[in-house]
Amino acid sequence: MAVVRFILGRIILLIDFLTRPKKPALSAEEVANYAAITAPLALYEFPSCPFCVKVKRHFRRRGLEIELRNAKKDIVYRKQLAEDGGKLKAPCLRIKSDDGSHTWLYESDDIIAYVDSLIGITPPAAAH
Ligand SMILES: N[C@@H](CCC(=O)N[C@@H](CS)C(=O)NCC(=O)O)C(=O)O
């Protein structure tokens with residue numbers, strides 16, 4: 001099972017590499033603005049997890065540089081994710097508040113919606 005997971009993970013990384021979305025052309029002001037917005041954020045990830053890859057591709061598509069923390073390899077990040085976040089599950093976005101406390105946001109779709117909301121992009125209203 002571990003071998004199958006390993007091979008699938010490699011395939012996911014290869015497909016991601018071959019089809020990686022282009023970064024948008026941002027003005028210097030947008031780059032500085034986005035850097036300030038994303039400074040309090042860190043994405044806890046398992047690098048070959050398809051949900052993590054989806055989120056990272058979205059960051060790239062938007063031109064967002066968000067710190068990545070490999071919770072598969074790094075035992076400190078792994079412990080933080082499990083104990084402070086509450087679940088050893090990825091992706092998870094750690095959001096630092098002004099008072100130094102952290103909020104942990106799980107679910108790839110919620111992370112995508114959250115970062116979009118930070119840069120003023122709201123999802124289209126659902127059709128009725
Ligand atoms: N619905 C979640 C699925 C995330 C997920 O299943 N991640 C896997 C890695 S690919 C995981 O962390 N599994 C461990 C667990 O569920 O406890 C999302 O979209 O983020």
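Which residues surround the ligand? In this predicted model, the ligand is surrounded by F46, C49, P50, F51, L88, K89, A90, P91, E107 and S108. This shell divides by residue class into seven nonpolar, two charged and one polar.

Polar atoms of the ligand pair with three of these residues, A90, E107 and S108. At A90, the partner is a backbone N or O atom, 2.8 Å from a ligand nitrogen. At E107, the side chain takes part: one of its N or O atoms lies 2.8 Å from a nitrogen atom of the ligand. At S108, a polar side-chain atom sits 2.6 Å from a ligand oxygen. On its own, the ligand has 510 Å² of accessible area, and the protein covers 63% of this.

The UniProt record, an unreviewed entry, places the feature "domain: GST N-terminal" at residues 43–118. Helix makes up 46% of that span and strand 22%. The C-alpha atoms at the two ends of the span are 15 Å apart.

Helix α5 covers residues 108–118 and contains D110. The relative accessible area of D110 is 40%. This value falls between the 20% limit for buried and the 50% limit for exposed, so D110 is classed as partly exposed. In sequence, D110 and L93 are 17 residues apart. In space, the C-alpha atoms of D110 and L93 are separated by 9.5 Å.

Conventions
Residues are numbered from 1 along each chain as its sequence is written. This is a predicted model: local features need pLDDT of at least 70, side-chain atom pairs count only at pLDDT 80 or more; totals for chains, interfaces and linings use all residues. Side-chain values use heavy atoms; hydrogens and water are left out. A residue is near a molecule or strand if one of its heavy atoms lies within 4 Å of it. A polar contact is a pair of N or O atoms within 3.5 Å; within protein, one must be able to donate a hydrogen and the other to accept it, and residues adjacent in sequence count only if both atoms are side-chain atoms. Accessible areas come from the Shrake-Rupley method with a 1.4 Å probe; for residues, only the protein chains shown count as cover. Ala, Val, Leu, Ile, Met, Phe, Trp, Tyr, Cys and Pro count as nonpolar, Asp, Glu, Lys and Arg as charged, and the others, Gly among them, as polar. UniProt positions are given in the numbering used here, feature names are shortened, and annotations may be inferred rather than shown by experiment. Helices (H or I, at least four residues) and strands (E, at least two) are DSSP runs, numbered from the N terminus. Buried means under 20% relative accessible area, exposed over 50%, partly exposed in between (1.4 Å probe, protein chains only).
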